[in-house]
Amino acid sequence: MRAIPIAVTALVAALTLTACSDSGDTSGGDSDTKATASATAAAATACEIGQVGLEAGPASEAPAAGDTGIVPFTITNSGDQCTLEGFPVIDLNAGEASATVAGDEAAQPEKLTLAKDDTATFTITYVRGDAADAKSLDAKTVKISLPGATATKDFPWSYGPVAGKTEASDPDASVSPFQHAGD
């Protein structure tokens, strides 16, 4: 017979907690929910090239045709809080010819929120081509843009030609998703 008083006590406690949850907000919304939505909207602002520093790190250059090289980049947010999601947009340019580098298919990008002075990284991995091979792209610059933004930044490409998978416009290269740098 003791189960009935416990059940009744639990029901009374649940009803009391439900009745106490009214915040007195007559606007029809919960102020905590509004604050969270406002913070989420602020965090959803995409990082722009003009508000971040973008630097190429020391590369591990591919020494000969067929070898793999990596070129790391660091992004430092110098503005208000912003987000990076997915992959950077990477275009290799060789004068009249250019090619877009695909995101690493095996990677799972995450949405990163960068506060002022936070850093993130990404890496371009490429296979060095042979300048005499028509399937290689003799890139001279790399153009980088961030997802959700339109501005771009160019860097010199001094790592040799990039091999093409089937042709020069299909580079044997990939870019990693954004990752937080440091701790």
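Lys140 is partly exposed in this predicted model, with a relative accessibility of 48%. Its side chain meets that of Asp138 in a salt bridge, with 3.2 Å from N to O. Asp138 counts as partly exposed too, at 35% relative accessibility. Side chains of opposite charge can pair when their charged atoms come close. Lys140 is also one of the residues in contact with Trp157.

The structure holds two salt bridges. In the other one, the side chains of Arg128 and Glu61 meet at 3.4 Å, N to O. Arg128 lies in the loop between strand 7 and strand 8, and Glu61 in the loop between strand 1 and strand 2, so this salt bridge ties together parts of the chain that are 67 residues apart in sequence. How accessible are the two partners? Arg128 has a relative accessibility of 19% and counts as buried, because the limit for that class is under 20%. Glu61, with a relative accessible area of 39%, is partly exposed.

The elements named so far belong to a protein chain with two helices and eleven strands. Along the sequence the order is α-α-β-β-β-β-β-β-β-β-β-β-β. Among contacts between residues at least 6 apart in sequence, 76% join residues at least 24 apart. Of the 183 residues in the chain, 32% are buried.

Some of these buried residues form nonpolar cores. The largest nonpolar core has 33 residues, and those with the most contacts inside it are Phe73, Ile75, Phe122, Val142 and Trp157. Which strand gives the most to this core? Strand 7, residues 119-127, does so with four residues. Trp157 can be followed further through its contacts. Leaving aside neighbours within four places in sequence, Trp157 is in contact with Val71, Leu92, Ile124, Tyr126, Ala139, Lys140, Thr141, Val142 and Val162. Val142, listed there, is itself among the core residues with the most contacts.

Val142 leads on to strand 8, which spans residues 141-145. Strand 8 pairs with strand 4 in the antiparallel sense, through five bridges. In this pairing Ile90 stands opposite Ile144 of strand 8. Strand 8 also pairs with strand 9, residues 152-156, and this pairing is antiparallel over five bridges. Here the bridge partner of Ile144 is Lys153 in strand 9. Ile144 thus has a partner in strand 9 and stands opposite Ile90. Strand 8 and strand 9 form a hairpin with six residues between them. In the turn, Gly148 has a positive phi of about 80 degrees.

Asp91 lies in strand 4, residues 89-94. Apart from neighbours within four places in sequence, Asp91 is in contact with Ala99, Thr100, Thr141, Val142 and Lys143. With Thr100 there is a side-chain polar contact of 2.6 Å. Asp91 and Val101 are ten residues apart in sequence, and their C-alpha atoms are 6.1 Å apart in space.

Thr74 offers a second view of how separate stretches of sequence meet. Thr74 lies in strand 2, which covers residues 68-77. What does Thr74 contact beyond its neighbours within four places in sequence? The residues are Gly53, Leu54, Glu55, Thr119, Ala120 and Thr121. Thr74 and Thr119 are 45 residues apart in sequence but 6.8 Å apart in space, C-alpha to C-alpha. With a relative accessible area of 31%, Thr74 is partly exposed.

One covalent cross-link remains to be described. The count comes to one disulfide, and it joins Cys47 to Cys82 with 2.0 Å from S to S. The pair links distant parts of the chain: Cys47 sits in the loop between helix 2 (31-43) and strand 1 (52-56), Cys82 in strand 3 (residues 82-84), and the two are 35 residues apart. The link is right-handed, with 85 degrees about the S-S bond. Are these cysteines buried or exposed? Cys47 is buried, and Cys82 is buried as well.

Key:
Residues are numbered from 1 along each chain as its sequence is written. This is a predicted model: local features need pLDDT of at least 70, side-chain atom pairs count only at pLDDT 80 or more; totals for chains, interfaces and linings use all residues. Side-chain values use heavy atoms; hydrogens and water are left out. A disulfide is a pair of cysteine sulfur atoms within 2.5 Å. Buried means under 20% relative accessible area, exposed over 50%, partly exposed in between (1.4 Å probe, protein chains only). A nonpolar core is a set of buried Ala, Val, Leu, Ile, Met, Phe, Trp, Tyr and Cys residues joined through side-chain atoms within 4.5 Å. Contact means heavy atoms within 4.5 Å. A salt bridge is a side-chain nitrogen of Lys or Arg within 4 Å of a carboxyl oxygen of Asp or Glu. A polar contact is a pair of N or O atoms within 3.5 Å; within protein, one must be able to donate a hydrogen and the other to accept it, and residues adjacent in sequence count only if both atoms are side-chain atoms. Two strands pair if DSSP finds at least two bridges between them.
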